[in-house]
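Me: I am new to this structure and would like to learn how its features are read. Could you please take me through them one at a time?

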Number of protein chains: 2
Amino acid sequence: MSETTVSKRAPKLLRQTSTGRVAAMLRDQILSGALPEGMQLRQEKLAAELGVSRVPIREALHQLEAEGLVRLETHKGAVVSGLSIDDLEEVYEIRARLETWLLELSMPLLTQQDYARAEALLATMAEDQQDEHWSSLNWNFHSALYAPANRPQTLELIRKLYLNAYRHFPLPIRLTGGRDRMHREHELLLKLCREGDVQRAKDHLEQHILMGARQLISRLKAMRRRDADHS
Amino acid sequence: MSETTVSKRAPKLLRQTSTGRVAAMLRDQILSGALPEGMQLRQEKLAAELGVSRVPIREALHQLEAEGLVRLETHKGAVVSGLSIDDLEEVYEIRARLETWLLELSMPLLTQQDYARAEALLATMAEDQQDEHWSSLNWNFHSALYAPANRPQTLELIRKLYLNAYRHFPLPIRLTGGRDRMHREHELLLKLCREGDVQRAKDHLEQHILMGARQLISRLKAMRRRDADHS
DNA sequence: CGCTTGAACATTGAATGCAATTTTATTACG
DNA sequence: CGTAATAAAATTGCATTCAATGTTCAAGCG
């Protein structure tokens with residue numbers, strides 16, 4: 001046997017490629033806001049930081065471009081993409097359409113376990129003061145209510161819209177002032193689901209999404225104005 | 001007038017990269033059905049055919065993977081992805097939700113020019129016996145009705161869903177028997193829009209999409225069964 | 001002083017080469 | 001004859017290298 005055993009550390013499920021790792025890494029950084037919109041992504045710099053050559057970097061960037069997270073301009077490089085205010089509003093409108101639809105489908109199918117899970121998530125969100133995981137907990141709560149609808153593609157589509165829109169709101173304004181309101185709205189939504197009032201539940205969810213978006217966007221506008229003035 | 005093409009994107013007269021050419025080429029081939037679902041895409045073969053090295057091929061494949069047109073498995077290669085029957089049905093359901101929404105938004109804003117354009121498209125579809133361009137004409141007709149809603153992201157999303165679903169229906173069954181029915185439904189839709197009956201127009205559009213899907217899918221099922229038996 | 005020019009530099013785009021992995025072919029054995 | 005073991009071939013993943021393009025900046029000219 002060829003004795004090439006160079007102390008290969010437990011390979012396990014290390015079936016991941018460099019390109020995949022790089023893509024996942026960059027995706028996380030962008031969606032978390034660590035790489036702000038407009039930031040230039042230099043291939044060589046990334047390659048050095050991540051310890052790979054430029055080839056997997058480029059492959060990952062092409063993936064992210066198709067996902068809409070970066071813009072690639074020929075011979076100029078990659079830039080973290082941004083969404084205009086109009087784009088953001090439209091994303092929330094799409095969410096409102098699709099989420100109310102999923103809720104309508106899933107409401108008759110919700111079990112006590114689903115409700116228990118949703119309530120547990122609400123409790124966790126209320127307790128956690130760090131705001132760190134609020135975004136993902138919030139998504140988990142919403143998706144828990146839609147899961148019985150059994151529309152995996154729709155759910156995945158909404159998830160991407162949610163994450164991609166959310167990153168544009170810097171942490172300071174994501175929850176400011178809205179935390180209690182959000183909690184009350186979530187509880188009301190759950191109550192309406194339990195009561196089986198489909199129409200009111202849908203209307204409430206639509207308002208929850210659209211009004212939340214409007215609030216966030218108005219704060220974002222104010223912040224951008226302030227930034228523009230300051231500079 | 002606004003009788004130009006629907007492409008609102010920037011004129012892509014910029015330097016085109018090999019990767020971009022390859023991606024566009026493969027995308028066309030896949031969406032047109034020339035590369036059938038399940039087909040293996042060999043990097044070296046594609047590179048030879050297109051006269052480039054494997055690098056741009058790989059970058060293009062990563063783009064197409066993010067677009068959902070191919071599946072990439074580590075060290076095994078790329079295959080043209082397929083949609084299950086359930087997936088197809090779900091795609092049409094999403095279309096029904098979003099298209100009825102856009103129609104509701106745009107109906108009050110439709111002008112005589114919009115109607116004229118839609119009717120011209122219908123006429124072209126009726127005349128053209130080749131079925132060659134029917135798919136894109138059909139899309140142009142639908143999108144013409146939604147354009148005034150001014151929801152570019154939604155429109156683009158629907159377009160992708162439409163094209164990506166349509167390719168799974170082989171040419172022989174795309175129109176069989178349904179051509180006249182489609183034409184009548186399109187004319188009725190236009191009539192309802194002109195009359196300003198939002199609710200009936202939305203309901204009709206929803207039925208148009210969902211029933212069309214059901215018809216196509218049942219034919220597809222039959223065909224797959226027959227194929228399975230034959231082999 | 002402002003503007004153009006162009007050359008050095010920086011960055012991206014693509015080809016080549018090689019290692020890692022999978023697939024196919026071949027052989028050994030029951 | 002069928003099946004497991006194994007070598008050979010094919011294929012992918014990635015690093016390196018070279019080519020093409022964009023950017024910067026200083027010198028030359030009005």
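Me: How do the residues of the surface near DNA strand C divide into nonpolar, polar and charged?

Reply: The surface near DNA strand C has four nonpolar, nine polar and seven charged residues. Here Ala, Val, Leu, Ile, Met, Phe, Trp, Tyr, Cys and Pro count as nonpolar, Asp, Glu, Lys and Arg as charged, and the others, Gly among them, as polar. A residue is near a strand if one of its heavy atoms lies within 4 Å of it. The model is predicted: local features need pLDDT of at least 70 and side-chain atom pairs count only at pLDDT 80 or more, while totals for chains, interfaces and linings use all residues. Residues are numbered from 1 along each chain as its sequence is written, chains are lettered from A and ligands numbered from 1 in the order in which they are written, and side-chain values use heavy atoms, with hydrogens and water left out.

Me: Which residues are closest to DNA strand C, and which elements supply at least two residues of that surface?

Reply: Among the 20 residues that surround DNA strand C, the closest are A:Arg15, A:Arg58, B:Ser18, B:Ser53 and B:Lys76. At least two residues each come from α2 (43–50) and α3 (54–67) of chain A and from α1 (18–31) and α3 (54–67) of chain B. Such elements are DSSP runs numbered from the N terminus: helices (H or I) have at least four residues and strands (E) at least two.

Me: What part of DNA strand C faces the protein, sugar or phosphate on the one hand or bases on the other?

Reply: Of the strand C atoms within 4 Å of the protein, 76% belong to sugar or phosphate, and bases give the rest. Individual polar contacts can then be examined; these are pairs of N or O atoms within 3.5 Å, and within protein one atom must be able to donate a hydrogen and the other to accept it, with residues adjacent in sequence counting only if both atoms are side-chain atoms. The side chain of B:Ser53 has an N or O atom 2.6 Å from a phosphate oxygen of strand C. For B:Thr19, a polar side-chain atom is 3.2 Å from a phosphate oxygen of strand C, whereas A:Gln43 places a polar backbone atom 3.3 Å from a phosphate oxygen of that strand.

Me: Which residues come nearest to DNA strand D?

Reply: They are A:Ser18, A:Ser53, A:His75, B:Arg54 and B:Arg58, out of 19 residues around DNA strand D. Sugar or phosphate accounts for 77% of the strand D atoms within 4 Å of the protein. A phosphate oxygen of strand D lies 3.2 Å from a polar side-chain atom of A:Thr19, and the side chain of A:His75 has an N or O atom 3.5 Å from a sugar or linking oxygen of strand D. The surface near strand D receives two or more residues from each of α1 (18–31) and α3 of chain A, and α2 (43–50) and α3 of chain B.

Me: How is the contact between the two protein chains described?

Reply: The size of an interface is often given as the accessible area lost when the parts come together. Between chain B and chain A about 2,500 Å² is buried, 58% of it from carbon and sulfur atoms; this area is found with a 1.4 Å probe and summed over both parts. On the chain B side, B:Glu59, B:Glu90 and B:Gln153 lose the most area to chain A, together 23% of what that side buries. Each chain is represented in the contact: 24 residues come from chain B and 24 residues from chain A.

Me: How many helices and strands does chain A have, and what share of its residues is buried?

Reply: Chain A has 10 helices and three strands. Of its 231 residues, 43% are buried, meaning under 20% relative accessible area, against over 50% for exposed and in between for partly exposed (1.4 Å probe, protein chains only).

Me: Where is A:Ser81 found, and with which residues is A:Ser81 in contact?

Reply: A:Ser81 is in the loop between β3 (77–80) and α4 (85–106) of chain A, and counts as buried because its relative accessibility is 6%. Contact means heavy atoms within 4.5 Å; leaving aside neighbours within four places in sequence, the partners of A:Ser81 include A:Glu37, A:Arg71 and A:His168. A polar atom of the A:Ser81 side chain lies 2.8 Å from the backbone oxygen of A:Gly68.

Me: How many aromatic pairs does the structure hold?

Reply: There are eight over all chains. One of them is stacked, because the rings of B:Tyr162 and B:Tyr166 have centres 5.2 Å apart and planes at 25 degrees. Rings of Phe, Tyr and Trp (its six-membered ring) pair if their centres lie within 6.5 Å; planes under 30 degrees apart count as stacked, over 60 as edge-to-face and the rest as tilted. B:Tyr162 and B:Tyr166 are about one helical turn apart because they lie four residues apart in helix α7 (residues 152–166) of chain B. In chain A, ring pairs link A:Tyr92, A:Trp139, A:Tyr162, A:Tyr166 and A:Phe169 into a cluster.

Definitions and conventions. Buried area = accessible area lost by both parts, 1.4 Å probe.
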